[in-house]
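Reader: Please walk me through this model. Keep it brisk, and state the cut-offs.

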Amino acid sequence: MLNTVRMLLLGAAGAIELTEEKVRAIADDFVRRGELAADEARELTAQWVRGRATRRDELDDRIREAVVDALGQANVASQASVVDLERRIAAIEHAFARVAAPGDER
């Protein structure tokens with residue numbers, strides 16, 4: 001499972017490396033070679049920029065899911081479980097305090 005997380009992180013690094021400037025440079029190169037019109041290059045770059053946020057969010061979700069899965073397999077307690085246990089311990093301490101000192105009203 002940690003290998004999956006490692007692969008996702010490497011993929012994220014590669015995806016982030018392709019910046020808007022590089023996309024623009026690639027599109028400009030196509031324009032110089034006559035393989036793409038200037039307005040098409042601008043639209044291609046704009047589409048990439050719009051999609052970048054979506055791809056980043058999707059990648060974040062995939063990484064988050066992989067980490068949660070890895071932690072689940074490692075049997076690590078969730079924050080919700082710890083909070084629930086703290087609440088239950090406080091209730092037990094309160095009940096014990098009432099039983100330990102019956103004449104003492106709390």
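What follows is a set of questions and answers on this fold.

Reader: What kind of model is it, and how are residues numbered?
Author: Residues are numbered from 1 along each chain as its sequence is written, and side-chain values use heavy atoms, with hydrogens and water left out. Local features need pLDDT of at least 70, side-chain atom pairs count only at pLDDT 80 or more, totals for chains, interfaces and linings use all residues, and the model is a predicted one.

Reader: Which pattern does the protein chain follow along the sequence?
Author: Helices (H or I, at least four residues) and strands (E, at least two) are DSSP runs, numbered from the N terminus. The chain has four helices and zero strands. Read along the sequence, the pattern is α-α-α-α.

Reader: What percentage of the residues is buried?
Author: Buried means under 20% relative accessible area, exposed means over 50%, and partly exposed lies in between (1.4 Å probe, protein chains only). The protein chain has 106 residues. The buried share of them is 12%.

Reader: How much area does the chain expose, and what share comes from carbon and sulfur atoms?
Author: Areas come from the Shrake-Rupley method with a 1.4 Å probe; for residues, only the protein chains shown count as cover. The protein chain exposes about 8,500 Å². Carbon and sulfur atoms supply 57% of that area.

Reader: Among contacts between residues at least 6 apart in sequence, what share joins residues at least 24 apart?
Author: A contact means heavy atoms within 4.5 Å. The count takes in pairs at least 6 apart in sequence. Those at least 24 apart make up 58%.

Reader: What distance do the end C-alpha atoms of helix 3 span?
Author: The expected span is 1.5 Å times one less than the number of residues. Helix 3 has 36 residues, so it should span 52 Å. The ends agree with this, being apart by 51 Å.

Reader: Where is the kink in helix 3 centred?
Author: The bend at a residue is the angle between axes fitted to the seven residues ending there and the seven starting there. In helix 3 the kink is about 30 degrees. Among the buried residues of this helix are Trp 48, Leu 59 and Gly 51. The kink is centred on Gly 51.

Reader: Is Thr 45 buried or exposed, and which residues does it contact beyond four places in sequence?
Author: Thr 45 is found in helix 3. Its relative accessible area is 6%, so Thr 45 is buried. Leaving aside neighbours within four places, its contacts are Glu 20, Val 23, Arg 24 and Ala 27.

Reader: What separates the C-alpha atoms of Asp 28 and Ala 38?
Author: Asp 28 lies in helix 2, residues 20-32. It counts as partly exposed because its relative accessibility is 35%. Asp 28 and Ala 38 are 10 residues apart along the chain. Their C-alpha atoms are separated by 7.6 Å.

Reader: Which residue just after helix 2 takes a positive phi?
Author: Helix 2 has 13 residues and reaches 18 Å, close to the 18 Å expected at 1.5 Å a residue. Just after this helix, a phi of about 80 degrees appears. The residue is Gly 34.

Reader: What is the phi of Asn 75, which is not a glycine?
Author: Asn 75 sits in the loop between helix 3 and helix 4. Its relative accessible area is 71%, so Asn 75 is exposed. Its phi is positive, at about 60 degrees.

Reader: Which residues make the nonpolar surface patch of about 230 Å²?
Author: Patches use residues with over 30% relative accessible area and no salt bridge; like charges are joined within 9 Å, and nonpolar side chains (Val, Leu, Ile, Met, Phe, Trp, Tyr) within 5 Å. Val 76 is in the loop between helix 3 (38-73) and helix 4 (79-100). At 48% relative accessibility, it counts as partly exposed. The patch is made by Val 67, Leu 71 and Val 76.

Reader: How many salt bridges are there, and which residue does Asp 61 pair with?
Author: A salt bridge is a side-chain nitrogen of Lys or Arg within 4 Å of a carboxyl oxygen of Asp or Glu. The structure holds six. Asp 61 lies in helix 3, three residues from its partner. At 3.0 Å, N to O, that partner is Arg 64.

Reader: Which residues meet Asp 84 in salt bridges?
Author: One partner lies three residues away in helix 4, about one turn. It meets Asp 84 at 2.6 Å, and is Arg 87. The other bridge is 3.9 Å, N to O, and its partner is Arg 88.
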